[in-house]
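Here is my note on the model, as numbered points. Please read it with the structure open.

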Amino acid sequence: MLAVLATKIRSNGEGSVATAIKKPYEGFLISEPMVGRGMVIFRDPNGRRMVTTAVRRILTTAETEGREDVRERRLMYVETENSVYRLAFLDASRHSVTAASG
């Protein structure tokens, strides 16, 4: 599982609700997003989840592993049929304790 902070940065669909723009969703991805499939982010231990429409394209940034600044995170931008999300992959050790204590 991948600990992730997903932020909706744009809505593509007509009549979409703009109130969710810039809203962060913290949770876990089972695997990295794949084109053609929806993303599912599990948001808490009680089974609450966020499901997106099918992924259209994915833009990744350079790996930040091995850098001295621990605040740097690997970023990925994911465009779905209705929205665009910025995914920041978080330190899994920090979240494994929170998920287990849930």
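How many aromatic pairs does the structure hold? Zero. The test pairs rings of Phe, Tyr and Trp (its six-membered ring) if their centres lie within 6.5 Å; planes under 30 degrees apart count as stacked, over 60 as edge-to-face and the rest as tilted.

1. Basis. This is a predicted model, in which local features need pLDDT of at least 70, side-chain atom pairs count only at pLDDT 80 or more, and totals for chains, interfaces and linings use all residues. Residues are numbered from 1 along each chain as its sequence is written, and side-chain values use heavy atoms, with hydrogens and water left out.

2. Fold. The protein chain has one helix and six strands. Along the sequence the pattern reads β-β-β-β-β-β-α. Helices (H or I, at least four residues) and strands (E, at least two) are DSSP runs, numbered from the N terminus.

3. Burial and surface. Of the 102 residues in the protein chain, 29% are buried. Buried means under 20% relative accessible area, exposed over 50%, and partly exposed in between (1.4 Å probe, protein chains only). The protein chain exposes about 6800 Å². Carbon and sulfur atoms supply 50% of that area. Accessible areas come from the Shrake-Rupley method with a 1.4 Å probe; for residues, only the protein chains shown count as cover.

4. Contact range. Take the contacts in the protein chain with a separation of 6 or more: 47% of them join residues 24 or more positions apart. Contact means heavy atoms within 4.5 Å.

5. Core. The largest nonpolar core has 14 residues. Val4, Leu29, Met39, Ile41, Val78, Leu87 and Phe89 have the most contacts inside it. At least two core residues come from each of β1 (2–11), β2, β3, β4, β5 and β6. Strand β6 gives the largest share, three residues. A nonpolar core is a set of buried Ala, Val, Leu, Ile, Met, Phe, Trp, Tyr and Cys residues joined through side-chain atoms within 4.5 Å.

6. Salt bridges, first pair. The count is three salt bridges. The rule asks for a side-chain nitrogen of Lys or Arg within 4 Å of a carboxyl oxygen of Asp or Glu. Glu32 pairs with Arg74, with the closest N and O atoms 2.6 Å apart. This pair links distant parts of the chain, 42 residues apart: Glu32 is in the loop between β2 (24–29) and β3 (38–42), and Arg74 is in strand β5 (residues 74–80). Glu32 counts as partly exposed because its relative accessibility is 34%. Arg74 is at 19%, so this residue counts as buried.

7. Arg74 again. Besides its salt bridge with Glu32, Arg74 lies over the face of Phe89, at 4.6 Å from the ring centre. A charge sits over a ring if NZ of Lys or CZ of Arg is within 6 Å of the ring centre and within 35 degrees of the ring normal. Phe89 is also among the core residues with the most contacts.

8. Salt-bridge network. Arg56, Arg57 and Glu79 are linked in a network of salt bridges. For Arg56 and Glu79, the closest N and O atoms are 3.9 Å apart. Arg56 sits in strand β4 (residues 49–60) and Glu79 in strand β5, 23 residues apart. For Glu79 and Arg57, the closest N and O atoms are 2.5 Å apart. That pair also joins β5 to β4, over 22 residues. How does burial run across the three? Glu79 is buried, at 11%. Arg56 is partly exposed, at 49%. Arg57, at 55%, counts as exposed.

9. Tyr85 and Thr7. Tyr85 is in strand β6 (residues 83–89). Its relative accessibility is 7%, so Tyr85 counts as buried. Beyond four places in sequence, Tyr85 touches residues including Thr7, Met39, Met50 and Val78. The C-alpha atoms of Tyr85 and Lys22 are separated by 9.1 Å, with their positions 63 residues apart along the chain. Thr7 lies in strand β1 and is buried, at 10%. Contacts of Thr7 beyond four places include Lys22, Pro24, Val84 and Tyr85.

10. Asp44. This residue lies in the loop between β3 and β4. Asp44 is partly exposed, with a relative accessible area of 24%. The C-alpha atoms of Asp44 and Glu26, 18 residues apart along the chain, are 8.7 Å from each other.
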